[in-house]
Amino acid sequence: MRKLHILALGAMAALMMTACGEPYDDSELKGEVASLKERLAEVETLLNASANKLTITSVAESSEGFVVTFSDGSTLTVKHGTNGKDGADGKDGQDGAPGADGKDGADGKNGADGKDGVDGKDGKDGETLIESIIISDTDVTFILTSGKTVIIPLEGYYDAGEAPIRFLDNTAKVLCVMAWDTDGDQELSYNEAAAVTSLEGIFKGTDIISFRELKHFTGLNALAEQEFYNCERLRAIALPEGIVTLSKGVFQNCSSLSEITLPTTLTAIGEDAFRYCEALTTLSLPTGVTTLGLNAFYQCNALSDITLPEGLKIIGERAFSHCFALKTIVLPQSVEQIDDYAFYFCEKLEQISLPEGLTAISTGLFYNCESLGSITLPQSVEVVGDYAFRNCTALASVGLNEGLTEIGDYSFCKCTSLVSVALPTTLGAIGGWAFNECSALVEVVCPCVVPPTLAIHAWDKNGSGRTIYVPAASLADYTTAEGWSTYSTALAAIEEQEPNE
């Protein structure tokens with residue numbers, strides 16, 4: 001196989017400071033900016049050609065370098081490097097003037113000769129984003145200054161899927177060739193990849209770092225349980241179109257995974273699918289996803305931005321639990337069910353809007369969401385579950401809806417920023433310790449004509465002088481009702497407002 005190495009180095013000059021008071025000449029800076037834009041455009045052309053599976057129809061040498069022509073007619077010039085110019089030699093110093101004759105004395109000494117000027121330094125060689133290329137009989141390899149490589153086949157070597165897939169990760173290639181190289185050429189072609197219907201668990205616990213080439217395995221419609229479990233070095237992967245389900249633990253413990261391309265055909269993300277993917281920062285789920293399973297994103301510590309599609313219906317238990325970096329999340333109106341502890345310990349979650357249609361705030365849903373400042377319940381909610389908002393220490397505003405019938409045990413316990421609470425007329429039961437240790441709570445309005453069932457310690461350790469306002473006609477009933485009688489000295493009648501004239 002013939003190979004030709006061409007080093008491509010572009011020109012970049014150092015910026016020079018002007019002397020104080022002299023007019024500033026920014027022409028050199030503008031040239032630098034123009035050069036940078038040109039080099040970025042070159043890399044963009046190259047990456048687009050790779051992404052669109054273009055081939056190279058010709059590589060021609062020119063006075064500037066090499067002109068690469070792609071199958072869609074676009075071109076890329078890989079320029080030869082331009083060496084910096086040699087600095088000019090310094091000028092010799094002038095001889096000193098002769099000394100003046102002394103009066104009636106000795107002749108004065110001649111002045112010393114001036115020193116030679118310092119030679120100018122050589123100019124720097126230019127820089128480029130495409131450092132070199134290697135031309136072989138079948139393809140061209142572009143080596144970027146970052147160390148990354150982009151390989152694009154020559155025309156005629158990308159036909160009928162028989163061309164070999166160029167893997168960036170040799171470990172991934174070796175595993176694939178061992179499992180699915182049917183013609184024995186020690187390569188995996190696009191056709192061979194497309195014929196694979198199961199990954200057979202061969203990647204589980206391996207040291208693969210990159211597997212973007214998985215997108216060519218178009219015969220897959222699912223990834224089996226724990227397919228990439230414990231691939232702790234895996235950083236990037238692209239899934240093929242056709243995959244419908246990510247099964248249990250498919251990427252669990254992939255602690256380095258930061259880049260993943262999901263197919264538009266995906267409908268369900270299974271239990272533990274991304275559990276402990278601690279490097280994942282952003283993710284956009286395809287529009288067809290309807291279900292997030294148990295622990296789907298559990299302890300994705302760095303996940304700060306996730307886009308959930310309209311059409312999502314179920315968010316499973318602990319789906320986002322311990323996502324410490326998650327500050328805000330938009331729930332689609334299509335969501336019908338959010339299971340227990342789904343946002344448990346999302347300590348930086350500041351804002352969330354709940355969709356209409358939810359009938360329950362599940363057990364521990366926002367437990368330990370210490371940054372959540374306010375919440376308004378949809379009109380459809382009937383139950384606030386046990387521990388739902390426990391330890392939400394920043395929660396200062398709660399909008400409880402008419403239609404709510406039950407507030408569970410410990411549901412608002414230790415919400416230390418809560419100052420006032422207005423309960424709905426439909427409320428029938430308040431659980432034990434429901435508002436216990438709400439140390440800033442000084443005003444409670446309970447307009448229920450019939451006292452709701454009240455469990456023990458519901459209003460203990462509230463703010464000093466806390467008052468519970470109830471209907472005047474029902475004040476006596478509250479004073480003697482089980483549970484409420486404990487707080488008889490804090491009960492007061494709701495003042496009737498005069499009608500507007």
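Two residues are in contact here when they have heavy atoms within 4.5 Å of each other. With that in hand, take Phe274: leaving out residues up to four places away in sequence, it touches Leu246, Phe251, Leu257, Ile260, Leu262, Ile269, Leu280, Ala296, Phe297, Tyr298 and Cys300. Keep in mind that this is a predicted model. The chain has 501 residues, and 41% of them count as buried. Here's a quick tour, topic by topic.

**The chain as a whole**

- You'll find 4 helices and 31 strands in the chain.
- Take the contacts between residues at least 6 apart in sequence: 37% of these join residues at least 24 apart.
- About 25,400 Å² of the chain is exposed, with carbon and sulfur atoms supplying 49% of that area.

**How confident the prediction is**

- Mean pLDDT for the chain comes to 86, and 81% of the residues reach 70 or more.
- Residues 82–87 are one stretch to read with care, since pLDDT stays under 50 there; the model still gives this stretch 16 contacts beyond four places in sequence.
- Another such stretch is residues 120–126, where pLDDT is below 50 and the model has 23 contacts beyond near neighbours in sequence.

**The nonpolar cores**

- The largest nonpolar core holds 107 residues. Which of them touch the most other members? Those are Phe228, Phe251, Phe274, Phe297, Phe320 and Phe389.
- Three elements give two or more residues to this core: helix H2 (170–180), helix H3 (190–194) and strand E30 (467–470).
- H2 provides the largest share, with 5 residues.
- Apart from this core lies another one of 18 residues, including Ala49, Leu54, Leu144 and Ile152.

**Aromatic pairs**

- The chain has 26 aromatic pairs. To describe a pair of aromatic rings, you give the distance of the centres and the angle of the planes.
- Tyr344 and Tyr367 make an edge-to-face pair, at 5.2 Å centre to centre with 65° between the planes.
- This pair links distant parts of the chain, 23 residues apart: Tyr344 sits in the loop between strand E19 (337–338) and strand E20 (351–353), while Tyr367 sits in the loop between strand E21 (360–361) and strand E22 (374–376).
- Tyr344 and Tyr367 are both buried.
- Phe389 and Phe412 count as stacked because their ring centres are 5.1 Å apart and their planes meet at 10°, and the cut-off for stacking is planes under 30 degrees apart.
- Phe389 lies in the loop between strand E23 (383–384) and strand E24 (397–399), and Phe412 in the loop between strand E25 (406–407) and strand E26 (420–422), so this pair ties together parts 23 residues apart in sequence.
- Phe389 and Phe412 are buried too.

**A hairpin and one of its residues**

- Strand E6 (residues 139–144) pairs with strand E7 (residues 149–153) in the antiparallel sense, over 5 bridges.
- The two strands, E6 and E7, form a hairpin with 4 residues between them. In the turn, Gly147 has a positive phi of about 100°.
- Thr141 is part of strand E6, and its bridge partner in E7 is Ile151.
- Is Thr141 buried or exposed? Thr141 counts as buried because its relative accessibility is 15%, and buried means under 20%.
- Setting aside residues up to four places away in sequence, Thr141 touches Ser132, Ile133, Ile134, Thr149, Val150 and Ile151. That list includes Ile151, the bridge partner mentioned above.

Notes:
Residues are numbered from 1 along each chain as its sequence is written. This is a predicted model: local features need pLDDT of at least 70, side-chain atom pairs count only at pLDDT 80 or more; totals for chains, interfaces and linings use all residues. Side-chain values use heavy atoms; hydrogens and water are left out. Two strands pair if DSSP finds at least two bridges between them. Buried means under 20% relative accessible area, exposed over 50%, partly exposed in between (1.4 Å probe, protein chains only). Accessible areas come from the Shrake-Rupley method with a 1.4 Å probe; for residues, only the protein chains shown count as cover. A nonpolar core is a set of buried Ala, Val, Leu, Ile, Met, Phe, Trp, Tyr and Cys residues joined through side-chain atoms within 4.5 Å. pLDDT is the predictor's confidence in each residue, from 0 to 100. Rings of Phe, Tyr and Trp (its six-membered ring) pair if their centres lie within 6.5 Å; planes under 30 degrees apart count as stacked, over 60 as edge-to-face and the rest as tilted.
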